[in-house]
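Please open the structure in a viewer and keep the selection tool at hand. The tour below proceeds from one selection to the next.

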Amino acid sequence: MTDAADIRYMRLALSLGQRGSGTTWPNPAVGCVIVRDGRIVGRGWTQTGGRPHAEVVALTQAGEAARGATAYVTLEPCAHHGKTPPCAEALVAAGIARVVVATGDPDERVSGKGIQILQDAGISVVAGVCHQEADQAHAGFFSRVTRGRPTVTLKLANSFDGRIATATGDSQWITGPKARRAVHAERARHDAVLVGGGTARADDPGLTVRGLGIDHQPVRIVASRRVDIPLTGQLARTAQDVPVWVCHGTDADPDLVATWEGLGAQMIPVQVTGRQLSVPDLLSQLGQRGLTSIYCEGGGALAASLLAADCVDRMIGYTAGVVLGAEGQPSLGAMWIDVLAEAPRFALEDVRQIGPDVEHVWQRIKK
């Protein structure tokens, strides 16, 4: 049976790790707590840009107090020499006597090897404490390693009858300020925010995190096959300040591609399937560039494409108590589903009232 103290300290490590969410890619957002004689002597989380790792931060804080202590780590300590030495070796060198690990690392350079280094050094290792919470916390990193793509969270903010605007396009604001603040918090927790070209043209979004007092911004991504997005819009004007990536078709106009590169955007060619960008290739390209989590804010065609390709891992809906009718603009484009059994299914994870609106969170049901 897992010791209650182990669970308590591991949950603290998990909460610390989440402080790095959205800032550590391509590395995971790990948390570490070091305890000696019932007292916390070191704590840390993976720093912006992925280095230093959580264990190193916590060991530095603990100093000599780490000798004979227990380290709680939310992910198996790394075992390979990259831009920094292995954390497993750092734990050994610091004289740690016991390591509690929440979950393993699927990266073949680490998987099982980090724990083996610790055990070979005579360190007692306990694995699997709070593993379900840790698996969820590191889902994006695991997805990039095992599936070659980041996790995708799809946000839908609708009227009660599933509309995002009136027939004339009036949409500000369907949901209230508290729901919009929650959206900014979700942006901050993800590596990148994704929209389609239609949304970029219609809404001229900034896609930055505002009003939360944070000092980092997610990568802003536009999926636009033809790169027909405004050259005078917010994204173009601020591409030098906050990263903008444009995922475009391999058949896009080279002059437009060059123009956006001149504005400071990173241009990413994506295969075209039919008349649309290939969703699997788009996500693969983003995974290759190190992203682990993406927050998609539409529009309807892009959202439908992601769902149809079975590439949405999580949905967050904000439903307002307003009704717009059949003539209103739907939140999703056509998916051409004829049989109900073929429709994507999600399991309800959480629901809460947020101001005058309802927030509901859904997890993909794995087939």
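Helices, like strands, are DSSP runs numbered from the N terminus, a helix having at least four residues. The model on display is a predicted one.

**First stop: a helix and a pair within it**

Select helix α7, residues 177-189. Within helix α7, Glu186 and Arg189 are three residues apart, which means that about one helical turn separates them. Show both side chains: Glu186 and Arg189 form a salt bridge, with the closest N and O atoms 2.9 Å apart. Is Glu186 buried or exposed? Glu186 has a relative accessibility of 8% and therefore counts as buried. Arg189, at 44% relative accessibility, counts as partly exposed.

**Second stop: the strands beneath the selection**

Keep helix α7 visible and add β6 (151-158), β8 (192-196), β14 (293-296), β15 (314-319), β17 and β18 (357-364); the helix lies across these strands. Relative to β15, helix α7 runs at about 160°.

Now extend the selection to the whole sheet. Nine strands form this open sheet, in the order β11-β10-β9-β8-β14-β6-β15-β18-β17, with mixed pairing. Which strands stand at the edges? They are β11 (266-270) and β17 (346-354); each has a single partner strand, so one side of each is left without a neighbour in the sheet. On average, neighbouring strands of the sheet are turned by 20° against each other, direction ignored.

**Third stop: a parallel pair**

Select β9 (residues 219-223) together with β10 (residues 244-249). These two strands pair in the parallel sense over four bridges. Ala223 has Cys247 of β10 as its bridge partner.

**Fourth stop: a link between two loops**

Select Arg225 and Asp251, which form a salt bridge with the closest N and O atoms 2.5 Å apart. The pair links distant parts of the chain, 26 residues apart: Arg225 belongs to the loop between β9 and α9 (234-238), and Asp251 to the loop between β10 and α10 (254-263). Arg225 is buried, with a relative accessible area of 19%, whereas Asp251 counts as partly exposed at 45% relative accessibility.

**Last stop: further salt bridges**

Select Glu359 and Arg352. Their salt bridge brings the closest N and O atoms to 2.6 Å apart. Glu359 is buried, with a relative accessible area of 7%; Arg352, at 40% relative accessibility, counts as partly exposed. Next, select Arg147, Arg149 and Asp313, which are joined into one network by salt bridges that share partners. How many salt bridges does a search of the whole structure find? The search finds 14.

Terms used. Residues are numbered from 1 along each chain as its sequence is written. This is a predicted model: local features need pLDDT of at least 70, side-chain atom pairs count only at pLDDT 80 or more; totals for chains, interfaces and linings use all residues. Side-chain values use heavy atoms; hydrogens and water are left out. Two strands pair if DSSP finds at least two bridges between them. Axes are lines fitted to C-alpha atoms, for helices over the stretch in contact, and angles run from 0 to 180 degrees between N-to-C directions. Contact means heavy atoms within 4.5 Å. A salt bridge is a side-chain nitrogen of Lys or Arg within 4 Å of a carboxyl oxygen of Asp or Glu. Buried means under 20% relative accessible area, exposed over 50%, partly exposed in between (1.4 Å probe, protein chains only).
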